[in-house]
Amino acid sequence: MATIDIPLIDIHTHIGHLPGVIGDYYSAEDLRYVAENEGARYALASSASTTSIGEAYGLAEAIDMVERHGERLGGMFWLNPRDPEWPKHAALAKEHGLHGIKIHPVLDNYAVNRSALDAVFACAMQYQWPILTHTGLDGTPTSAACYKELIAAYPDVVLILAHLRVEGIPLAKRYDQVYLDTTYVDPMMVEIGVDAVGPDKLLFGSDACEGFDVGHASGRARPPRSYAGLIKGIRERGVTEEALERIVYLNAKRVFGLDK
Ligand SMILES: [Zn+2]
């Protein structure tokens, strides 16, 4: 396994029980293995068990991860706005030093609009948390453009629109607090994103451990991926080293206030 030759913070990773296949589970140790084996400095992870089991369960896994591996793995609170206990869980997540909110309107099955997410954005503002959201395909009820009114209403809430959709580009261009992430994004689209919004508005994410070498067989076979491979792909599109360093490291430090 090649280790990477550049400092990297992966802002979008997961532990826990993934939906789709029973037994598709990644522990905090698996994610730590990925980070250490491939040379990533730090990873921000939420537990997918929130969507497959429940929010309290997922949060407990994230807190446990941070308590045991906090120097290498930071926690994100995967919040399901339907869970009546989410404000209580959010307070607990804040108390344990989690770094932000992760939402997934596709897997948790709700349309994105102000009535669904006003309270979540207000919570993010109160706790000074960035929100990382999965964005659905452009033109769907969970797409990047659906966040427009929330973005305008909450200028102080950093919003990271995952997966660099086309609909996210005008929002990241127009609003200082809006960023795009590179999770599962084709290298050509990263090149287009750099040209469209500039390297300061892109954050590196991967959805690790999916497809990464975790040192043992995983519960669901996926096409193999690695940090070295993802970085090589971006370099091959002509993205400069200066831009790359911002995308994979410096922006994450700034946006999340990390000292890694
Ligand atoms: Zn994800």
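Ser-218 sits in the loop between β10 (202-203) and α9; here strands (E, at least two residues) and helices (H or I, at least four) are DSSP runs, numbered from the N terminus. This is a predicted model, in which local features need pLDDT of at least 70 and side-chain atom pairs count only at pLDDT 80 or more, while totals for chains, interfaces and linings use all residues. Residues are numbered from 1 along each chain as its sequence is written.

Back to that loop. Ser-218 is partly exposed, with 19 other C-beta atoms within 10 Å. For the burial labels, C-beta atoms are placed from the backbone, and a residue is buried if 20 or more others lie within 10 Å of its own, exposed if 12 or fewer, and partly exposed in between. Ser-218 and Asp-30 are 188 residues apart in sequence, yet 9.6 Å apart in space, C-alpha to C-alpha. Cys-209 lies in the loop between β10 and α9 too, and the peptide bond leading into Cys-209 from Ala-208 is cis, with omega near 15 degrees.

Now for the helices. In α9 (residues 227-236), Tyr-227, Leu-230, Ile-231 and Ile-234 are the buried residues. They lie on the same side of α9 because they cover an arc of only 95 degrees around the axis, the arc being that of the directions from the helix axis to the C-beta atoms. Their cover includes α1 (28-38), α8 (187-197) and α10 (241-256), where contact means C-beta atoms, placed from the backbone, within 7 Å.

As for α1, its buried residues are Ala-28, Leu-31, Arg-32, Val-34, Ala-35 and Glu-38. These span an arc of only 160 degrees around the axis, so they sit on the same side of α1. Among the elements covering them are β1 (9-17), β3 (42-47) and α9.

Leu-31 of α1 also shows up in the largest nonpolar core, which has 77 residues, as one of those with the most contacts inside it. Such a core is a set of buried Ala, Val, Leu, Ile, Met, Phe, Trp, Tyr and Cys residues joined through C-beta atoms within 7 Å. Leaving out residues up to four places away in sequence, Leu-31 touches several others, including Ile-15, Ala-43, Leu-73 and Cys-209.

Over in strand β3 you'll find Ser-47, which is buried, with 30 other C-beta atoms within 10 Å. Ser-47 and His-14 are 33 residues apart in sequence and 5.5 Å apart in space, C-alpha to C-alpha.

Next, a helix pair: the axes of α3 (residues 55-69) and α4 (residues 86-95) come within 11 Å and cross at roughly 5 degrees. That makes α3 roughly parallel to α4, a label for angles under 35 degrees. The contact is made by Glu-55, Ala-56 and Leu-59 of α3 with Trp-86, His-89, Leu-92 and Ala-93 of α4.

Finally, some backbone angles worth a look:

| Residue | Phi | Place |
|---|---|---|
| Gly-39 | positive, near 85 degrees | follows α1 |
| Gly-238 | positive, near 85 degrees | follows α9 |
| Gln-128 | positive, near 55 degrees | loop between α5 (114-127) and β7 (131-133) |
| Tyr-184 | positive, about 60 degrees | loop between β9 (178-181) and α8 |

Of the entries that are not glycine, Gln-128 is exposed, with 12 other C-beta atoms within 10 Å, whereas Tyr-184 is partly exposed, with 17 C-beta neighbours inside 10 Å.

Note on methods: Two residues are in contact if their C-beta atoms, placed from the backbone, lie within 7 Å. Axes are lines fitted to C-alpha atoms, for helices over the stretch in contact, and angles run from 0 to 180 degrees between N-to-C directions. Angles under 35 degrees count as roughly parallel, over 145 as roughly antiparallel, 65 to 115 as roughly perpendicular and the rest as oblique.
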